Amino acid sequence: MQNNLKEKINSILPQTQCGKCEFSGCEPYAEAISEGKADINQCPPGGKSGILKIAKLLKVDYKPLNERYGIEKPKEIAIIEEDKCIGCTLCILACPVDAILGASKNMHTVITEECTGCELCIAPCPVDCIKMIPLDFEDDEITKRKKSDLARKRYEFKKQRMIRDKNKAKANRVTSEEKKQAIANAMARIKKG
Ligand code: SF4
Ligand code: SF4
Ligand code: SF4
């Protein structure tokens, strides 16, 4: 039941995955609301219309966005000044929805259609070559929903990939420890004659 409510709240949230609500993404914030551990007015990208929808779902009073978490503003997307980019890949690591293309030591570029405007790539860039620019058009409600669904899928995919990579690294570490042990055992055997 609780899970069902979390899902319903998460499907209202914009899936920008920016962390401005002070949770690590939209889903943990949805979970906290469903458990009564967070207020309904902490998501700046969702803004007034998002708060209204959550209030309606939970049958509670609307309350304005708590500006401690940020202000509502028109959607922006990131662009990279490619001539300044040193190809360090830090922005790729930071992007929650894999909207940046590039490889080590090569210039990077943002896939405009997939950028949620979360701003998480700005701070890690060591040469300040990522800027946010406002979108010069506004999506209709259906397009917004489609983009949110896509962002959610890309975010979940990235989360799974990070877990897989971590497990792989762990597995590799075990293998190298095992190798060291095997060498030590062999050396001991040789010494023993
Ligand atoms: S869009 Fe950002 S602030 Fe809103 S719920 Fe998702 S992570 Fe939190
Ligand atoms: S490119 Fe930057 S602003 Fe756009 S989604 Fe990725 S991290 Fe967020
Ligand atoms: S963080 Fe900045 S310099 Fe590094 S790859 Fe991304 S855009 Fe280029």
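Trainee: Which residues come nearest to ligand 1?

Mentor: Keep in mind that this is a predicted model. To read a ligand site, start with the shell of residues around the ligand, then pick out the closest ones. Here, 16 residues lie around ligand 1, and Thr16, Cys18, Cys21, Cys26 and Cys43 come nearest.

Trainee: How many nonpolar, polar and charged residues does that shell have?

Mentor: Sorting a shell by class is a handy next step. Ligand 1 has 10 nonpolar residues around it, along with 5 polar and 1 charged. Cys counts as nonpolar here.

Trainee: Okay, ligand 2 next. Which residues are the closest there?

Mentor: Same approach. Ligand 2 is surrounded by 14 residues, with Ala78, Cys95, Cys115, Cys118 and Cys121 the closest. Its shell breaks down into 11 nonpolar, 2 polar and 1 charged residues.

Trainee: And what does the shell around ligand 3 have, by class?

Mentor: That one has 11 nonpolar and 4 polar residues, but no charged ones. Of the 15 residues around ligand 3, the nearest are Cys85, Cys88, Leu90, Cys91 and Cys125.

Trainee: Let's zoom out. Where do the domains fall along the chain?

Mentor: For domains, look at the bounds, then at how the pieces meet. The assignment puts domain 1 at 2-69, domain 2 at 76-134 and domain 3 at 141-193.

Trainee: How many residues of domain 1 and domain 2 are in contact?

Mentor: On the domain 1 side there are 5, and they contact 7 residues of domain 2. By class, that side of domain 1 has 1 nonpolar and 4 polar residues, with no charged ones. As for spacing, the C-alpha centres of domain 1 and domain 2 are 27 Å apart.

Note on methods:
Residues numbered from 1 in each chain as written. Chains lettered and ligands numbered in written order. Predicted model: local features only at pLDDT ≥ 70, side-chain atom pairs only at ≥ 80, totals over all residues. Near = placed C-beta within 6 Å. Domains from an automatic or database assignment. Contact = placed C-beta atoms within 7 Å.
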